[in-house]
Amino acid sequence: MSQGYAIELYFDPALENQVLKAWNVLARRQISTQLIEIESRPHITLYSSSFVEPTKLESIVKTFASKQEPLSLCLSAVGSLPNDNNVLFLAPTPSLSLLQFHSQLYDALKKEGIEITEEFRPDSWIPYCAVAQDVPKARIGEAFCVLRDLKLPVTGYAMDIGLVEFSPVRELFSYVLGNSIEG
């Protein structure tokens, strides 16, 4: 049974591999393997909800993706969220193009009557790419040190947008930005 759905922004292969390196280093040190175990893929979450009709989202996302171009990204900082999930992440530089991209998706979802929680509204959304979750509190400091040793910033492009069901993660569809053909 699904816990929810998320619209995710995916990276070009080179940028995705940089994120996977972080996942693998943390896994080798037995700090966190959660993202690997749930079969996630490096991404930035644009929207998430437990209560949404995936088929309704598909037409919105397909149309939205066809009107967008690949988006330049720079993962430039290491961070953590103030919740009990002990998530560590790489944060993209919040460029105007990234913020506008998210805001335009928000507008497209809102126009179709999709309910959007506070954390995914443009004025409160925190863009991030998770590299670890459920990190034991006693190992968060060590994990930060490992992540700080990465050669940041890393740059690349967001190339695809897709919908996943979780958990475990199962991609329902994805579309290449600027192209209405399914990815």
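**Exercise 1. Place T45 in the fold and describe its surroundings.**

Step 1. T45 lies in strand 2, which spans residues 43-49; strands are DSSP runs of E with at least two residues, numbered from the N terminus. The model is predicted, so local features need pLDDT of at least 70, side-chain atom pairs count only at pLDDT 80 or more, and totals for chains, interfaces and linings use all residues. Residues are numbered from 1 along each chain as its sequence is written, and side-chain values use heavy atoms, leaving out hydrogens and water.

Step 2. Now check accessibility: T45 is buried because its relative accessible area is 18% (buried is under 20%, exposed over 50%, partly exposed in between, with a 1.4 Å probe and protein chains only).

Step 3. Leaving aside neighbours within four places in sequence, T45 is in contact with A6, I7, E8, F120, W125 and Y128 (contact means heavy atoms within 4.5 Å).

**Exercise 2. Which salt bridges does R121 form, and how accessible are the partners?**

Step 1. Apply the rule: a side-chain nitrogen of Lys or Arg within 4 Å of a carboxyl oxygen of Asp or Glu.

Step 2. R121 pairs with E118 at 2.9 Å and with E115 at 3.9 Å, N to O.

Step 3. R121 is partly exposed at 24%, E118 is partly exposed at 45%, and E115 is exposed at 57%.

**Exercise 3. Is E165 buried or exposed, and what does its side chain meet?**

Step 1. E165 counts as buried because its relative accessibility is 17%.

Step 2. Its side chain meets that of R170 in a salt bridge of 2.7 Å, N to O.

How values were computed:
Helices (H or I, at least four residues) and strands (E, at least two) are DSSP runs, numbered from the N terminus.
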